[in-house]
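Dear colleague,

Please find below the structure that I am handing over to you, followed by an account of what was found in it. I would be grateful if you read the notes with the coordinates open.

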Amino acid sequence: MSVLRSQLDPRTPAAQAARESMLGRLAELDELLEQVNGGGGPKYVERHRKRGKLLPRERIELLIDRDAPFLELQPFMAQHADFHVGASNVTGVGVVEGVECVLGASDPTVRGGTSNPYTLCKTMRAQEIALVNRLPLINLVESGGADLPTQAEIFVPGGAIFRNLTRLSARGIPTVSLVFGNSTAGGAYLPGMSDYNVFVKGGAKVFLGGPPLVKMATGEESGDEELGGAEMHARTSGLADYLAVDERDALRLGREIVAGLNWGKLGPAPAPDPPGPLHDPEDLLSLVPPDPKVPFDPLEVLARILDGSRYDEFKPLYGTSLSTGWGSIHGYPVGVLANVRGILFSEESEKAAQFIQLANQKNTSLIFLHNTTGFMVGREYEQGGIIKDGAKMINAVSNSTVPHLSVIIGGSYGAANYAMSGRAYDPRFVFAWPNAQISVMGPAQLAGVLSIVARAGAQARGVPYDEQADKAMRTAVEAQIEAEQTALSNSSRGYDDAIIDPRDTRTALGFALSVAHNAPVRGAEAFGVFRM
Amino acid sequence: MNRLLVANRGEIARRIFATCRRLGVGTVAVFSDADAGAPFVAEADLAVALGGAAPAESYLRIDAVVEAARRTGADAVHPGYGFLAENATFAQAVIDAGLTWVGPSPEAIRAMGSKTEARERMAAAGVPVLPGAHLTGGEDLATVAAGVGYPLLVKASAGGGGKGMRLVEGADALAASVAAAQREAGAAFGDETVFLERYAPRSRHVEVQLMGDAHGNVVALFERDCSVQRRHQKVIEECPSPVVDRALRAQLSEAAVAAGRALAYTGAGTVEFLLTAEREFFFLEVNTRLQVEHPVTEAVTGLDLVELQLLVAEGSPLPAAALDPQPRGHAIEARLYAEDVPAGYLPATGTVSRLRFADTVRVDTGVSDGSEISPHYDPMIAKVIAHADTREQAARVLADALARAQVQGTITNRDFLVRVLRHREFLSGEADTEFLDRSDPAELGAPLLDAEQVQRAALAAALAGQAARRRDARVQDGLPSGWRNNPALAQTATFTTPYDEGLEVRYRLDRDGRLLEPEGIELVRATPEEVVLICEGVRRAYRVDPDAVGTPEGEVALSEHPRFADPSAAVSAGSLLSPMPGTVLRVLVSAGAQVPAGAPLLVLEAMKMEHEVLAPAAGTVSELPVAQGDQVQTGTLLAVIGE
């Protein structure tokens, strides 16, 4: 297996400019993270603490193994929307008693921890990760239920949350609810549908209807504690399996439950003591030119994320704008598909379709490094069957069953986003670099297309074309796409799982591979009919 | 002599076994129930259980010890020090059983066992004695005391170790002090006889090592200075004395040899003198045994005193090396105890989790990793001895060795010893027997590391714990420690330190393992056992053990709090926990009783001291789980006072 060399010289002015630009983007995200981590703001955080309660991230830190990595999922969710950035909950994947688990914690400092459509989106994604990677799921519950003003958006689809819990259980994936506070009405089915429940004494409040509703419904006078207190559920209803004396005790019990799961990973173990890359990941900051139109070499990325920088390139002389090859990350064997010069031609598509089948044949996970402007267009290519060939690649990606991990290191435009296992193609994880751009096509192209179509329409109707309006329209469209194609904008909509610092790429992929190996790693037995 | 039984325990048993092994003599240990797992028992060729934990049920049982010798085929008995070492009846019983007694004759032991008789015999032999008077009970106390002169000491005739001793400044306190001393002597030695002795302030304790054989040789093996004492217990001993010159040494030796000849002394013994500020010396007593502090004499003379004891016991003459000893250099011994010095030298118990010293010092210890310091016996952990060309060097080596040693798992006087050894008054040779009593134990016993150094040591401990957890991780072990894509919170670890019941350390590492928090400290390396930090440009290695962190400046006890409290271990409000290990002497209330705040509830006894446990607030005694005679540990629940 050959070792990748690096041409990147971080001392050049271009590299230094690239680094400046990337550090600027990271600083912007860091600033936003501070907002995310501030929850509902100092006032609500203070009030929560005064009640002797822990914040959601504090709960998570106590639940997971000390010094173990933790991947927070979608912290920028709802950044673009009229909701608090982070969407009033914290989800992530962490290690509890040596077991990789999906954790979800509502944030009671943000509007009482109520769920809005983005909260729901985040929760569903976390449940999906638990399901496809076979990870125990732990809910840290303290939520006022549905965000009532947006109930129309969430009530009907939100039912899936509870359905998913029992489906996880049915698949042999344990579910645990640690209930710290309110978990009422529909929220009562979080513990209701979980395999193990821990209720915090004096904190947990779990009922279908509270005292006012009971009074309205039946005329019965009742109190919170008798309707849904932790002690009542532990001693009388049996909904609570464990009564915790306080919040820390609940987290201790949660850890004990996981320790007792007798959990084993079904995927193969990584090779022991893998060598690190030969080239410094720090240089990844200096790789991406500030101008997205200037290409960069993804092999420089591979040289900084693969074990020992070792890469066995497959078909290096064929379809050269997509590099395919074998390597390993943190001891996990992987196949890599990386866009080299942006465009996917027929050769690249066929090469990819073949390579994906090979990875499935040998039960090997796939890494997709996206930096693509799309499938090639034009007479020659259409006549050459670019649709047929692109379809082969999409067919292979769609039916592949080995874990896919996508990293958007540059642009990811058009159908190439699909072919490179974009979000809709169910990769186990999608990570984006801060410079990532995702949209149906580039802003200028999209505006230009609209302009040409409008001009043609005017011509057909025989009316003069308003150049002034065209210019305004193009500017507006370009601005809109510019804003919508950013990593943050896509992340805010849940189209990735996390924006990562490029230097953390190897870590994030190693993490994701370890997580994915909780489920069996088995290639597809069949693909769709390849159009020949 | 083919097989020697040591009628003792702990470090002295091991010390004697070591010489036996070198000389090809077999070894037999006897042990109490409490010592069944002790290293000295495991090291002996043969071992015989004596019975219960209390000395009276075990090490003081003459018949059982002699029977143990018979059963194991031992042909000689060494009594060590303490227990039966100065018991003439025991010596006689050993001899009567046809065994070799390693010690002076029962007559010599008996004569010197009574301090009053010893004074008289020494005075008769021309050895200077302090003015004093024997109390028979019939005399007029005030007159007798006036004859001795004030200030004076009331001392137990059968005593030792400061028990049954009272200082009387004037006639007012005389009667009460005599009564108290009699009571204490009766309790400690079963003999209430006391005597009065003139007290010389600012004096020193200097003693001469004697060795005699059956061939008429009595030789003085130089003096030891044991002036550094706290409450009449020796803390630091050295050879030679910093204040004894050649001429004075000759006088002391002459007096000691005269004393020995008067007793036809055989074996090892010690003549103790009081040396006044005016360089006059007076006889105090003869100890008819090997002393605790004998290693300093061994270091300076190059002799093995136990070997000499065995030779003499077999009837051999003392070898030439012993008859003409050539002193070399200076030796200092420090007694390492499990005790809480700042709290007033309170005895402590617990498990010594780790005990390690550099090989720059000799260490005599009965303790190994995991040994328990039980409340039944003297809480000495080890004697540490340094030998060098000069006193200054020996003190430096000893202080350094103690500061760097791994002494873990229980409270000790280690930092106190280091401070004493580095104290100006000690180094100048001016420390007299009141030096420590003049000093504040809180100051002298203060931790060697200041609060900031402890904070850094705690950071090192936290980072070592981190390294251990990453090493042992079952998944994602190759990933950066504590990696976060959203670094919202730092990692934390909480420690009990000498300054703080709960010192929280926060730390955060970056993707390359560099320390992001706390700022200004560079992490060079972190393994589960060692952490290297650079702080203000200074690189320092920290050795991290489960109960302590070692730094070049000293070791600090650090125990990490468990991450989660076990709720079943929580104590209910109003609980009274035992402040120390000991025995419940008396229970003064019964369950259900109404008690006012401050009411005595029960009396604990520890190391012969009585401590009353008082009600912290008025209320009802709702629980009283202990009874008279119970052994309690620090933290044992004694009572619960409810509303």
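How many residues of chain B are in contact with chain A, and how many of chain A with chain B? Please bear in mind throughout that this is a predicted model. On the chain B side there are 22 such residues, and they meet 30 residues of chain A. Helix 18 of chain B, residues 451-471, supplies the largest share of the chain B side, namely three residues. Sorted by class, that side holds nine nonpolar, eight polar and five charged residues.

Overall form of chain B

Chain B contains 18 helices and 40 strands. Its C-alpha atoms occupy a box of roughly 90 × 65 × 55 Å along the principal axes. The radius of gyration is 27 Å, which agrees with the value near 26 Å for a compact globule of 643 residues. Of these 643 residues, 49% count as buried. Among contacts in chain B with a separation of 6 or more, 64% are between residues 24 or more positions apart.

Helix 18 and the sheet beside it

Helix 18 of chain B, already mentioned for its part in the contact with chain A, also lies across strand 24, strand 25 and strand 32 of chain B. The helix runs at about 55 degrees to strand 25 of chain B. These three strands belong to an open, antiparallel sheet of four strands in chain B, with the order 26-25-24-32. Strand 26 (515-517) and strand 32 (559-560) of chain B are at the edges with a single partner strand each, so one side of each has no neighbour in the sheet. Within the sheet, strand 24 (residues 491-496) and strand 25 (residues 503-509) of chain B form an antiparallel pair over five bridges. In that pair, B:Thr492 is set opposite B:Arg506 of strand 25.

A further open sheet in chain B also has four antiparallel strands, in the order 33-40-38-35. Its edge strands, strand 33 (575-577) and strand 35 (594-595) of chain B, each pair on one side only. Strand 38 (residues 619-623) and strand 40 (residues 637-642) of chain B are joined in the antiparallel sense by three bridges, and B:Val621 faces B:Ile641 of strand 40.

Nonpolar cores

Which residues touch the most other members of the largest nonpolar core? They are B:Ile381, B:Leu398 and B:Ala460, in a core of 157 residues. Helix 18 of chain B contributes the largest share of this core, 10 residues. A second, separate core has 137 residues, among them A:Ile161, A:Leu322, A:Leu337 and A:Ala338. Beyond its neighbours within four places in sequence, B:Ile381 has contacts that include B:Leu336, B:Tyr337, B:Val352, B:Leu355 and B:Val407.

B:Gln408

B:Gln408 is located in strand 23 (residues 406-408) of chain B. Is this residue buried or exposed? B:Gln408 counts as buried because 23 C-beta neighbours lie inside 10 Å. Setting aside residues up to four places away in sequence, B:Gln408 touches B:Ser353, B:Arg354, B:Asp545, B:Asp547, B:Ala548 and B:Ala557. By contrast, B:Ala262 is 146 residues from B:Gln408 in sequence and 47 Å away in space, C-alpha to C-alpha.

With kind regards

Methods:
Residues numbered from 1 in each chain as written. Chains lettered and ligands numbered in written order. Predicted model: local features only at pLDDT ≥ 70, side-chain atom pairs only at ≥ 80, totals over all residues. Contact = placed C-beta atoms within 7 Å. Helix = DSSP H or I, 4+ residues; strand = E, 2+ residues; numbered from the N terminus. Nonpolar A, V, L, I, M, F, W, Y, C, P; charged D, E, K, R; others polar. Rg over C-alpha atoms; globule rule 2.2 N^0.38 Å. Buried ≥ 20, exposed ≤ 12 C-beta atoms within 10 Å, placed from the backbone. Pairing = 2+ DSSP bridges. Axes fitted to C-alpha atoms, helices over the stretch in contact; angles between N-to-C directions. Core = buried A, V, L, I, M, F, W, Y, C linked by C-beta atoms within 7 Å.
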